[in-house]
Amino acid sequence: MDAIDQVLMNSRLHYLGMAARTIQPVMRLAILTCMDARIDTAGLLGLRPGDAHVLRNAGGRATDDAVAALAISQAVLGTREVMVLHHTECAMGRMKATEMAARIEAATGHAFHEKLETFADPIEAVVEDVERLKRSPHLAHREKIRGFMYDLEKNAINEVLARATGSGGGP
Ligand SMILES: [Zn+2]
């Protein structure tokens with residue numbers, strides 16, 4: 001059975017009748033996280049359907065697409081807080097963008113020119129994404145944008161605080 005058929009079957013067995021009724025997230029929260037299959041966002045954060053927007057991409061990065069979705073989330077659908085949630089052992093931190101593009105090209109036989117948001121320092125990547133969002137003129141609410149690291153081994157979430165300006169040092 002294809003994986004898509006399997007999840008469709010799961011949805012029929014487990015989730016009928018759980019659909020939330022309001023389009024605006026009840027918690028007025030948007031979460032930007034990685035597509036990594038080990039992150040069960042709802043289970044990890046205790047979210048139920050209707051509670052929050054969950055945006056996922058490779059790395060949980062603040063890409064232009066993510067910013068556009070967050071702009072809609074805030075201005076149209078009423079969210080007020082953004083949680084950026086990266087994690088340990090992320091594939092985007094294990095390979096350079098050029099290596100990753102080469103893998104894609106080898107697999108498909110086509111040149112790949114899309115921007116890939118790989119990173120060298122996982123903590124720095126969280127700080128960078130929070131700063132990108134805080135600088136974005138398209139986000140109406142930038143007071144409550146916070147960054148976090150999910151430690152898969154410890155199964156714990158720790159806040160990543162912004163670096164002090166001018167010091168140049170890490171945490
Ligand atoms: Zn990841």
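Here are some worked exercises on the structure above, each with a step-by-step solution.

The structure is a predicted model, in which local features need pLDDT of at least 70, side-chain atom pairs count only at pLDDT 80 or more, and totals for chains, interfaces and linings use all residues. Residues are numbered from 1 along each chain as its sequence is written.

**Exercise 1. The overall layout**

Work out how many helices and strands the chain has, and in what pattern they follow along the sequence.

Solution. Start with the elements: helices (H or I, at least four residues) and strands (E, at least two) are DSSP runs, numbered from the N terminus. The chain comes to 5 helices and 5 strands. Reading along the sequence then gives α-β-α-β-α-β-α-α-β-β. For the overall extent, the C-alpha trace spans about 50 × 45 × 35 Å along its principal axes.

**Exercise 2. The sheet**

Find the order of the strands in the sheet and decide which of them are edge strands.

Solution. Two strands pair if DSSP finds at least two bridges between them. The 5 strands form an open sheet with the order 2-1-3-4-5 and mixed pairing. Its edge strands are strand 2 (52-57) and strand 5 (156-160), each pairing on one side only. From one strand to the next, the twist averages 25°, where axes are lines fitted to C-alpha atoms (for helices over the stretch in contact) and angles run from 0 to 180 degrees between N-to-C directions.

Now take the pairs one by one:
- Strand 1 and strand 3 run parallel and are joined by 5 bridges; I31 stands opposite M83 in strand 3.
- Strand 3 and strand 4 pair in the parallel sense over 6 bridges, with V82 opposite I145 in strand 4.
- Strand 4 (residues 145-151) and strand 5 run antiparallel, joined by 5 bridges, and G147 stands opposite V160 in strand 5.

**Exercise 3. Burial and the core**

Determine how many residues of strand 3 are buried, and which residues touch the most other members of the largest nonpolar core.

Solution. A residue is buried if 20 or more other C-beta atoms lie within 10 Å of its own, exposed if 12 or fewer, and partly exposed in between, with C-beta atoms placed from the backbone. In strand 3, 6 of the 7 residues are buried, so the strand is largely enclosed by the rest of the structure. Over the 171 residues in the chain, buried residues make up 22%.

Next, the core: a nonpolar core is a set of buried Ala, Val, Leu, Ile, Met, Phe, Trp, Tyr and Cys residues joined through C-beta atoms within 7 Å. The largest has 24 residues, and A30, I31, L32, V82, V84, L85 and L133 touch the most other members. Two or more residues come from each of strand 1, strand 2, helix 3, strand 3, helix 5 and strand 4.

**Exercise 4. Two helices compared**

For helix 4 and helix 5, check the span of each and find which residues of helix 5 are buried.

Solution. The expected span is 1.5 Å times one less than the number of residues. Helix 4 (residues 97-108) has 12 residues and reaches 16 Å from its first C-alpha to its last, close to the 16 Å expected. The 14 residues of helix 5 should span 20 Å, and its end C-alpha atoms are 20 Å apart, which agrees.

On burial, helix 4 is hardly covered, with a count of 0 buried residues. In helix 5, A125, V126, D129, V130 and L133 are buried. They cover an arc of only 130° around the axis (from the directions from the helix axis to the C-beta atoms), which puts them on the same side of helix 5. An α-helix has 3.6 residues a turn, so residues three or four places apart point the same way.

What covers these buried residues includes helix 3, strand 3, strand 4 and strand 5. For L133, contacts (C-beta atoms, placed from the backbone, within 7 Å) beyond four places in sequence are with A62, V67, L70, V82, L139, R142 and I145.

**Exercise 5. Positive phi in loops**

Locate E89 and N155, and say whether each is exposed or partly exposed.

Solution. E89 lies in the loop between strand 3 and helix 4, and its phi is positive, near 60°. E89 counts as partly exposed because it has 13 C-beta neighbours inside 10 Å. N155 sits in the loop between strand 4 and strand 5, with a positive phi of about 55°. N155 is exposed, since 8 other C-beta atoms lie within 10 Å.

Notes:
Contact = placed C-beta atoms within 7 Å.
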